[in-house]
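I opened the notebook with a plain aim: to see how the parts of this chain pack together. Here is what I looked up, in the order I got to it.

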Amino acid sequence: MAMDEKTLKKGERYYKSGKVLWVVKHGSRLFSKILGTYPYYVELDLETGENSCTCPLGGDCKHVAAVMKAYENGFYFETFEGHAEIFPEAVAMEFLSEVPELALDVTLKELRFAVSTDESGSEVARLFRRALKLVALTGRKEALHVLEEVAEEYGHVFEDYELSLKLRDELRELEASL
Ligand SMILES: [Zn+2]
């Protein structure tokens, strides 16, 4: 692996600011999703150091460094499922489904990210609804602030969408039920 000190430091900052969404470990290989300028996917072999990233650099980048940091800090799920090699995100979601608190954290991160990048509003709506269910499941009222902010911003960006009104109604319904 050819990574300079600067890249390693940037990776550490990425990890510490919560940009690493999840890491799945299968054998000696790590798979991860990182919220950079866009969502990026990293694969890394811990034994050989071989790695790849879907960012413009293609690997040996701050995203790979961030995944290494996450791993060093114990932030990963270990799986023995062979399909992790092909569908790591599905495996990560299976793990998260068993830890609703963590699933909510990850969903809120993705949601905040999607608000600033999603051009159609569809991804925001999907994540918003997942977050509503997870708030209902965990009873974590403090997450409602984030959802209110998102709903407001969504309303500004997609003001002519019926969907925008529906999401607000769904949020109010949840607030009334908690
Ligand atoms: Zn990268």
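**Entry 1, helix H3.** I began with the buried residues of H3 and asked what they pack against; I found strand E1 (20–26), strand E2 (29–35), strand E5 (77–78) and H4. A reminder to myself: this is a predicted model. H3 itself runs over residues 88–97, and its buried residues are Pro88, Val91, Ala92 and Leu96. Those four cover an arc of only 140 degrees around the axis, so they sit on the same side of H3. I then looked at the other side of H3, where Ala90 and Ser97 are exposed.

**Entry 2, helix H6.** Next I turned to H6, residues 143–157. I counted 15 residues and a reach of 21 Å from the first C-alpha to the last, close to the 21 Å expected at 1.5 Å a residue. Which residues of H6 are buried? I noted Leu147, Val150, Ala151 and Tyr154. They cover an arc of only 100 degrees around the axis, which means they lie on the same side of H6. I jotted down a textbook aid here: an α-helix has 3.6 residues a turn, so residues three or four places apart point the same way. The face of H6 turned away from the buried side carries the exposed residues His145, Glu152 and His156. Among the elements that cover the buried residues of H6, I listed helix H4 (100–117), H5 and helix H7 (162–177).

**Entry 3, domains.** I checked the domain assignment, which gives domain 1 (5–87) and domain 2 (100–177). Their C-alpha centres lie 27 Å apart. The contact takes four residues from domain 1 and four residues from domain 2. On the side of domain 1 that touches domain 2, I tallied three nonpolar, one polar and no charged residues.

**Entry 4, the core.** How many residues does the largest nonpolar core have? I got 48, and Val20, Val24, Val67, Phe128 and Ala131 are those with the most contacts inside it. Helix H5 (residues 122–138) supplies the largest share of this core, eight residues. Both domain 1 (5–87) and domain 2 (100–177) give residues to the core, so it lies between them.

**Entry 5, valine 20.** I closed by listing the contacts of valine 20, leaving aside its neighbours within four places in sequence. I wrote down Tyr14, Tyr15, Ser32, Ile34, Ala66, Val67, Ala70 and Phe75. Of these, Val67 also appears among the core residues with the most contacts inside the core.

Definitions and conventions. Residues numbered from 1 in each chain as written. Predicted model: local features only at pLDDT ≥ 70, side-chain atom pairs only at ≥ 80, totals over all residues. Domains from an automatic or database assignment. Contact = placed C-beta atoms within 7 Å. Nonpolar A, V, L, I, M, F, W, Y, C, P; charged D, E, K, R; others polar. Core = buried A, V, L, I, M, F, W, Y, C linked by C-beta atoms within 7 Å. Buried ≥ 20, exposed ≤ 12 C-beta atoms within 10 Å, placed from the backbone. Expected span 1.5 Å × (residues − 1). Arc of directions from axis to C-beta.
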